[in-house]
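Biologist: Could you take me through the reading of side-chain contacts in a structural model? I should like the general idea for each feature, followed by the case at hand.

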Number of protein chains: 2
Amino acid sequence: MKAVFSQTSRGLLLAALLATSSAFAADAPKPATKPAPTAQEILDAAPVSAWTTYAAEDLVVMTLSDGTEAVYALAPAFAPVHVDNIRKLVHQGWFDGAAIIRVQDGFVVQWGRPDEAEDDKPGKKPEGIVAPPPAEYEKPAAGIAITPLKYADTYAKKVGYVQSWPVASDGKSVWLTHCYGMIGVARGLAPDTGSASQLYTVMGQAPRRLDRNLAVVGRVIFGMENLTNRKRGTGALGFYKTPEEYTTIVSTKLMSDLPADKQKAFQVLDAASATMGSWIKARAETASDFYKTPAMAIDLCNALPPVRPKP
Amino acid sequence: MKAVFSQTSRGLLLAALLATSSAFAADAPKPATKPAPTAQEILDAAPVSAWTTYAAEDLVVMTLSDGTEAVYALAPAFAPVHVDNIRKLVHQGWFDGAAIIRVQDGFVVQWGRPDEAEDDKPGKKPEGIVAPPPAEYEKPAAGIAITPLKYADTYAKKVGYVQSWPVASDGKSVWLTHCYGMIGVARGLAPDTGSASQLYTVMGQAPRRLDRNLAVVGRVIFGMENLTNRKRGTGALGFYKTPEEYTTIVSTKLMSDLPADKQKAFQVLDAASATMGSWIKARAETASDFYKTPAMAIDLCNALPPVRPKP
C-alpha cells in the first residue's frame with residue numbers, strides 16, 4: 001500500500017479558493033486537450049484595465065500592538081454620512097488607543113474605545129460627527145446598475161456587484177451584504193444607527209440576517225487574518241472579560257494622510273470586467289483533476305472581487 | 001448629544017446568532033402584545049425529547065498542547081469506511097503527537113502527522129485501515145428522508161437535515177455540506193479519497209464547492225474556537241512554514257474509550273423537532289426591536305442544529 005498524499009500537493013489541491021490546476025498531477029495521464037485555465041491563471045492574465053485602484057482617501061490603515069496591520073476600504077457611495085464620520089473619527093485620533101474588544105467565533109471581530117461614554121457611565125465622546133446618522137442601510141434601486149451574479153441567492157431576488165461591492169436587491173432597494181471581511185457599524189436598538197465609533201468585521205458564515213439592519217461601510221482588503229486570529233472572548237457574545245485580553249489599536253490613519261513614501265496602493269478587480277466573469281465561471285463551473293464534480297454555482301460571499309496590492 | 005450605545009447592549013444586540021430579545025430595550029415603549037420568543041428562548045424551552053445525545057463511540061476528543069480541547073462528532077451514516085478508519089487511527093495513536101499544520105484564513109484548519117510518509121519521502125504510515133477507501137462523497141437519495149429547510153439554496157435543489165446533519169440533494173443523491181465546523185478528509189487528486197490520516201475543518205464562508213468532491217465525516221461540536229484562533233500559516237495555502245508554528249495535538253481519544261468519570265455527553269437538537277422549526281423561524285422571519293427588517297430566509301450553514309453539553 002502506497003501513501004498517495006503529499007502534504008504539499010494535498011494542501012494545494014484542497015485549496016479551492018485558489019487552485020484548480022492540474023499542474024500538480026505529475027503522475028496523471030496527459031489530457032488530450034489543454035486544460036481550462038484555473039481561476040488563478042485567469043487573474044494572473046488579467047489586463048491592467050480590469051483592476052481599479054482604490055482612492056487613498058477611501059483606505060484606512062490600522063496598526064495593531066503586535067506590529068501587524070489591517071487595511072480597509074470605505075464605501076462612501078453606500079453610507080456617505082457614516083463614512084464621513086469614520087474619516088473624522090480617524091482624524092481626531094478616536095481609534096488611536098482603541099482596542100479589539102470582542103471576538104465571537106464564527107461571527108464578528110469588533111473594535112472601539114473601551115472608555116467611550118455610555119448612557120450609564122461617563123467617558124470619551126466623539127467630536128463633530130453626525131450622531132445619530134441617517135439609517136444608511138439600503139438605497140433606492142432606481143438608477144443603480146448592478147452587475148449580476150447569475151446564481152440563486154437564499155436572501156434576495158438578485159445579487160451582484162456595484163463598483164465591485166457585493167450587493168443584494170429586491171428590485172426596490174439595493175444594499176451591501178454582510179460577507180466575510182465586510183465592515184459594519186455597531187449600534188444599539190433602532191432608531192439608533194451607530195455613529196461609527198465602534199466597528200465590526202464579519203468572519204465565519206456570512207450573517208446575511210444583518211443586511212438592511214446595520215450600516216455596512218467597507219471591506220477589509222489586507223490583513224484580515226490579523227483580526228481573525230485572536231483569542232475568542234469568553235464573555236457574553238465574545239466580549240473580552242478583562243482589558244488584558246484586548247489587542248490595542250496603536251494607530252488608525254487614512255492612507256491619504258500618510259507621507260507619500262509610506263502610502264500603499266491597493267486594487268480591486270472590476271466586477272464588470274471580462275476577467276471577473278471568467279474568474280467566476282472557473283470557480284463555479286469548471287471541472288478539474290481535483291474538482292470532478294463542479295458545483296455549477298457560487299454564492300455571492302464566495303465570489304467577492306479579488307483585491308491585491310498594486311503591482 | 002447623548003451617547004446612546006452601551007458596549008454591552010450594543011454587543012448583545014449585534015449578536016444575531018443569539019439574541020432577538022427586546023428585553024434590552026429598557027427605554028423603548030412597551031409593546032402592546034407580548035413579543036415573540038427569541039431563538040434562544042425557544043431553545044431554552046425545548047423539551048428533553050427534542051435533544052438527541054451523541055453516542056460516545058461517535059465522539060472524538062482532541063487535546064491540544066495549550067491544554068484546550070475540541071470535540072467532534074462522526075457521521076458513520078454518511079462515510080462509514082472513512083469513519084471506521086478514523087476510529088482505527090485514533091486507537092493506534094496516529095493523532096497523538098500530530099499537529100495543526102495549516103490554517104488558511106477564511107477557509108480551513110488542517111491537522112495530521114508532519115512525519116507521514118509521502119510518495120517522495122519515507123515516514124510513518126497508518127496501519128490496518130482501508131486505503132484508499134471508497135469515495136464516500138454522496139449517497140443515493142432513494143429511501144433517505146430529509147427534513148427540508150424551505151429557503152432557496154445557491155448550490156442545490158434541496159437542502160435540509162438527515163439525523164441533524166446538514167445535507168443537500170439534487171434528487172438523485174444526498175451529501176453532507178461543507179458548513180462552518182464540518183470536518184472533511186484531505187486528499188490528493190482523484191481517485192484518491194484520502195484515508196483520513198489528515199483532516200480539516202471548515203471556517204469562513206462555507207466552501208460548498210468542496211461538496212461531493214471530498215468526504216465529509218463529522219462536525220466540531222465543542223471547542224471550535226480552539227482551532228480557529230491560531231495564527232494563520234504564511235506558506236502557500238496557509239501551511240505553516242516551520243514546525244515551530246505547529247500546534248501539537250497531545251492526544252486524540254474516542255469519548256467511549258475514556259474512563260467513565262472523564263466522559264462528557266453532548267446533544268444536538270433534533271432537526272425534525274418542533275423546536276427546530278420554531279428556532280429556524282425565529283431566526284429567519286421574526287422582527288424585533290433590533291431586527292426591524294427580518295431576512296425572511298436563512299441559509300443552511302447559518303441554520304446548523306444547535307449543540308450543547310448534556311445538562
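**Side-chain links and ring contacts**

Modeller: B:Cys179 and B:Cys301 are both buried. Please keep in mind throughout that this is a predicted model.

Biologist: What do B:Cys179 and B:Cys301 form?

Modeller: A disulfide is recognised from a pair of cysteine sulfur atoms within 2.5 Å. The sulfur atoms of B:Cys179 and B:Cys301 are 2.0 Å apart, and the two residues form a disulfide. B:Cys179 belongs to the loop between strand S10 (173-176) and strand S11 (182-185) of chain B, while B:Cys301 belongs to the loop between helix H5 (274-285) and strand S16 (307-309) of chain B; the pair links distant parts of the chain, 122 residues apart.

Biologist: How many disulfides does the structure hold over all chains?

Modeller: The structure holds two disulfides over all chains. In chain A, A:Cys179 and A:Cys301 form a disulfide with their sulfur atoms 2.0 Å apart, and both of these residues are buried.

Biologist: Why is the disulfide of A:Cys179 and A:Cys301 left-handed?

Modeller: The torsion about the S-S bond of A:Cys179 and A:Cys301 is about -70 degrees, so this disulfide is left-handed. The link of B:Cys179 and B:Cys301 is left-handed, with -70 degrees about the S-S bond.

Biologist: I should next like to read the aromatic pairs. Which term describes the pair of A:Phe222 and A:Phe266?

Modeller: The angle between ring planes decides: under 30 degrees counts as stacked, over 60 as edge-to-face and the rest as tilted. There are eight aromatic pairs over all chains. For A:Phe222 and A:Phe266 the ring centres are 5.6 Å apart and the planes lie at 50 degrees, so the pair is tilted. A:Phe222 is in strand S13 (residues 216-222) of chain A and A:Phe266 in strand S15 (residues 266-269) of chain A, 44 residues apart.

Biologist: Is A:Phe266 buried or exposed?

Modeller: Buried means under 20% relative accessible area. A:Phe266 has a relative accessible area of 3% and is therefore buried, whereas A:Phe222, at 36% relative accessibility, counts as partly exposed.

Biologist: Finally, where does the charged end of B:Arg187 sit?

Modeller: For such a contact, one examines the distance of the charge from the ring centre and its direction relative to the ring normal. The charged end of B:Arg187 sits over the ring of A:Phe290, 3.9 Å from its centre. Within chain A, A:Arg113 lies over the face of A:Trp94, at 5.7 Å from the ring centre.

Key:
Residues are numbered from 1 along each chain as its sequence is written. Chains are lettered from A and ligands numbered from 1 in the order in which they are written. This is a predicted model: local features need pLDDT of at least 70, side-chain atom pairs count only at pLDDT 80 or more; totals for chains, interfaces and linings use all residues. Side-chain values use heavy atoms; hydrogens and water are left out. Buried means under 20% relative accessible area, exposed over 50%, partly exposed in between (1.4 Å probe, protein chains only). Helices (H or I, at least four residues) and strands (E, at least two) are DSSP runs, numbered from the N terminus. Rings of Phe, Tyr and Trp (its six-membered ring) pair if their centres lie within 6.5 Å; planes under 30 degrees apart count as stacked, over 60 as edge-to-face and the rest as tilted. A charge sits over a ring if NZ of Lys or CZ of Arg is within 6 Å of the ring centre and within 35 degrees of the ring normal.
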